[in-house]
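This report describes the architecture of a single protein chain, beginning with one strand and widening to the sheet, the helices that cover it and selected side chains. The model is a predicted one.

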Amino acid sequence: MRDTLLIALFAFAGAAAAGLLGACVLLLIRRRSLTAHLAVVAAVAVTAMLAGTLAVAQAMFLSAHDLTVVTTVVAMAAVVSLATALLLGRWVVARSRDLALAARSFGDGGDFAAPDGPATAELAALSRELELTSRKLAESRDRERALETSRRELVAWISHDLRTPLAGLRAMAEALEDGVAADPDRYLKQIRTEVERLNDMVGDLFELSRIHAGTLTLSLSRMSLYDLVGDALAGADPLAREHGVRLVGDRVEPVPVEVDGREMSRVLGNLLINAIRRTPADGTVAVTAERSDTGVVLAVTDGCGGIPEEDLPRVFDTGWRGTHARTPPAGAGLGLAIVRGIVEAHRGTATVRNVTGGCRFEVRLPAAGA
């Protein structure tokens, strides 16, 4: 037993010396290629075994013949180990280089494509993460391009919509100043109408800027959808009468929800105004509110005749106004974008789909206490 302990002690001492030397070498070459690191590790393993063997042989006074045999065996193992380490290192480095080139492609705005061929588990996991990152970057670039296009369209449309009433206001003001207005009261009434329209547009822009900036603050309270819909229908009734449109709200359940009453009233008002303006005279705009498996569904159905399928994904985009883009009743194309922003701030979703004779806008909200 004592001899075994001595052999273990001498072997450990020799191997520890080789390991310490290898650690120092690895520290010195820490910025070099993985191939060099693998070669050092293989050399340390063989050297540790040789050092331990030599220490034991020296302590036990082995014959020169036996020592030569052991040394030869260790040398052959060293050659094979170093060759294997070099081959493995070159293969891993080549795979890493291919992966770096592929990553550079999507960093320059392209898509990441994983290199062909086998890879280590770590490199394969890194490739999967890079593919996921590439998809997220592509989606982000698409959203950014869509937002930029939307902003440009919005600026163009807002500029057009502001220029028209401002030109009219200037002309009417000059006519009143010069005393050439045939009917001053009519001019003053028209000026008031245009000012209110401009005020509404500026209010929509301010609301949309708060939504995009993430500064929309909600004051949630528990209330019934029945009361919200009732107030919204009462507010939209004068506009519906002006356009000869019937408002129907007989399928509204008293479902409790936790919402910001002011902001949700704006959502309902925008949906109703949009529906009324696009529904022909003698048409019907129907409002429903009912429970669903995930919460509540508030729907506004109009008689606009439907939206082209290719335009449905853009309905809630900022500045989208469909086929009536240049007519004053169409507004600045901000109403539905505000609807989506407010609904998403309430952890809900806003969608639209075509139905027979028109469109159905649906707002899904979590039920109270969900």
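## Strand β7 and its partners

Strand β7 is mostly covered, with 7 of its 8 residues buried. The strand spans residues 358-365 and pairs in the antiparallel sense with β5, residues 295-301, over 6 bridges. Within this pairing, V300 stands opposite F361, and V297 has R364 as its bridge partner.

β7 also runs antiparallel to β6, to which 7 bridges join it. In this second pairing, V352 stands opposite F361. F361 of β7 therefore faces V300 on the β5 side and V352 on the β6 side, in keeping with the pairing of sheet strands through backbone hydrogen bonds, either parallel or antiparallel. β6 and β7 form a hairpin with 2 residues between them. In the turn, G357 has a positive phi of about 85°.

## The five-stranded sheet

These strands belong to an open sheet of 5 strands with mixed pairing, in the order β2-β4-β5-β7-β6. The edges are formed by β2 (246-252) and β6 (349-355), each of which pairs on one side only. On average, neighbouring strands of the sheet are turned by 15° against each other, direction ignored.

## Helices packed on the sheet

Two helices may be described in relation to the sheet. Helix α6 (residues 225-243) lies across β2, β4 (284-292) and β5, and runs at about 170° to β2. Helix α7 (residues 261-278) packs on the sheet and touches β2, β4, β5 and β7. The direction of α7 makes about 175° with that of β7.

Helix α8 contributes a set of buried residues: L336, A337, I338, V339, G341, I342 and V343. The buried residues of α8 pack against α5 (184-213), α7, β6 and β7. Just after α8, R347 takes a positive phi of about 65°.

## An aromatic pair

How many aromatic pairs does a search of the whole structure find? The search finds 1. The ring centres of F316 and F361 are 6.0 Å apart and the ring planes stand at 85°, so the pair is edge-to-face. F316 lies in the loop between β5 and α8 (335-345), whereas F361 is in strand β7, so the pair ties together parts that are 45 residues apart in sequence. Both F316 and F361 are buried.

## E263 and H346

E263 is found in helix α7. Is E263 buried or exposed? At 3% relative accessibility, E263 counts as buried, because the limit for that class is under 20%. The side chains of E263 and R262 are joined by a polar contact of 3.2 Å. Leaving aside neighbours within four places in sequence, E263 is in contact with E207, R210, L216, L218, I342 and H346. Among these contacts, I342 is one of the buried residues of α8.

H346 has its place in the loop between α8 and β6. At 6% relative accessibility, H346 likewise counts as buried. Not counting residues up to four places away in sequence, H346 touches L218, L220, E258, V259, D260, E263, M264, L365 and P366. L218 thus appears in the contacts of E263 and in those of H346.

## A position in helix α3

Apart from the sheet region, L99 may be considered. L99 is placed in helix α3 (residues 64-107) and, at 6% relative accessibility, counts as buried. The C-alpha atoms of L99 and L126 are separated by 8.8 Å, while the two residues are 27 residues apart along the chain.

## The chain as a whole

The secondary structure of the protein chain comes to 8 helices and 7 strands. Of its 370 residues, 34% count as buried. Among contacts between residues at least 6 apart in sequence, 70% join residues at least 24 apart. The accessible surface of the chain comes to about 22000 Å², and 60% of that surface belongs to carbon and sulfur atoms.

Technical notes:
Residues are numbered from 1 along each chain as its sequence is written. This is a predicted model: local features need pLDDT of at least 70, side-chain atom pairs count only at pLDDT 80 or more; totals for chains, interfaces and linings use all residues. Side-chain values use heavy atoms; hydrogens and water are left out. Two strands pair if DSSP finds at least two bridges between them. Helices (H or I, at least four residues) and strands (E, at least two) are DSSP runs, numbered from the N terminus. Axes are lines fitted to C-alpha atoms, for helices over the stretch in contact, and angles run from 0 to 180 degrees between N-to-C directions. Contact means heavy atoms within 4.5 Å. Rings of Phe, Tyr and Trp (its six-membered ring) pair if their centres lie within 6.5 Å; planes under 30 degrees apart count as stacked, over 60 as edge-to-face and the rest as tilted. Buried means under 20% relative accessible area, exposed over 50%, partly exposed in between (1.4 Å probe, protein chains only). Accessible areas come from the Shrake-Rupley method with a 1.4 Å probe; for residues, only the protein chains shown count as cover. A polar contact is a pair of N or O atoms within 3.5 Å; within protein, one must be able to donate a hydrogen and the other to accept it, and residues adjacent in sequence count only if both atoms are side-chain atoms.
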